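Reader: I am new to this structure and should like to know the grounds for the terms applied to it. May I put some questions?

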Amino acid sequence: MIVTLTPNPSHDRTVTLTSPLVPGAVQRAESVISQAGGKGVNISRASVAAGIPSIAVLPATKDDPFVLELLTAGIDCRPVHHGGALRVNITISDPDGTTTKLNSPGPTATPEMLAGLVEMLRRRAASADWIVLAGSLPPGAPVEWYADLVAGLRGSSARIAVDTSDAPLRALVERLDAGAPHLMKPNGEELASFTGGDPDLLESDPEAAATAALTLVDRGVDAVLATLGPHGAVLVTAAGAWHATPPPTSVVSTVGAGDSSLFGYLLGDIRNRTPDQRLALAVAYGSAAAGLPGTTIPHPSQVRPELVSVRDLNLTLGG
Ligand SMILES: O=P(O)(O)OC[C@@]1(O)O[C@H](CO)[C@@H](O)[C@@H]1O
């Protein structure tokens, strides 16, 4: 069972263009689609599609069409009451797969809503293999909210994964000594945000990304899955470091690729796969997602781990 928390879910609206986006121009869209999204929601979708039970915890009113969309898709969605209207995030998809994303701040969180989310997670923790805390925090949530949540959940039997960015990520990294998650999934830019490295270098150089990820492992994180866009991903644990290269992919929309990768890793873990096999599943899930429109999350039948090549980085560990 995977329990996901999406404290700032979004209606993902994807505008598909027939010619590349030109800032300042009037352009006609080929199509516009809307999907209930947010990082944890996407992971719950992938999980249910793969036959792994999942609960999606998020703030919303019970009768919000967002909640109804998820329930209709077979996702066990547990909304915690929040009066504010959910945000709309816009994706502009160019014909060559270039993805431009405009993410809104979302409604302001109240202390009651935040406490309700924590309580809902605590109640579900005992039955979960993994609890995934994912995405941005809504306005009004303290930046150290995830860090506190990880420290509070560490006593439960579930393992904890975190995928966030910006100030909440930096606050979590600052406070790893008070309680580290079992898994973190930064991308190159996020690694750079707390190591001070060059984001482009970290995305394109797997050895550099693995060295940056190792700083988290040295501070108590069991595994770091660093997704590197077209350059695949690296996995770093106390036992080793691996890099996986994706198969050639015709990119349609990169939205949800990172969430799909994170789910692929969790799926491999739940199925007791070796670390390199988990990494191959993560990269296969990510590239399958990149080949699908908008925030569409792949079904296992679309995922080809056998086309992913994995190499051992032979990183010097524990030094
Ligand atoms: O603004 P956040 O919470 O960081 O990210 C939100 C978001 O971009 O993440 C998902 C893709 O990973 C989308 O479904 C959603 O729009």
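Author: The answers below concern the sheet, its helices and one glycine.

The model is predicted: local features need pLDDT of at least 70, side-chain atom pairs count only at pLDDT 80 or more, and totals for chains, interfaces and linings use all residues. Residues are numbered from 1 along each chain as its sequence is written, and side-chain values use heavy atoms, with hydrogens and water left out.

Reader: Why is Gly232 called buried or exposed?

Author: Buried means under 20% relative accessible area, exposed over 50%, and partly exposed in between (1.4 Å probe, protein chains only). Gly232 has 7% relative accessibility and therefore counts as buried.

Reader: Where is Gly232 found, and with what is Gly232 in contact?

Author: Gly232 is found in the loop between β11 and β12; strands (E, at least two residues) and helices (H or I, at least four) are DSSP runs, numbered from the N terminus. Leaving aside neighbours within four places in sequence, Gly232 is in contact (heavy atoms within 4.5 Å) with Ala226, Thr227, Ala244, Pro246 and Val283.

Reader: What makes β12 and β13 a pair?

Author: Two strands pair if DSSP finds at least two bridges between them. Strands β12 (residues 233-237) and β13 (residues 240-245) have five bridges, in the antiparallel sense, and so they pair. Val236 stands opposite Ala241 in β13.

Reader: Which are the edge strands of the sheet?

Author: The open sheet has 10 strands with mixed pairing. Its edge strands are β5 (76-80) and β14 (309-312), since each pairs on one side only.
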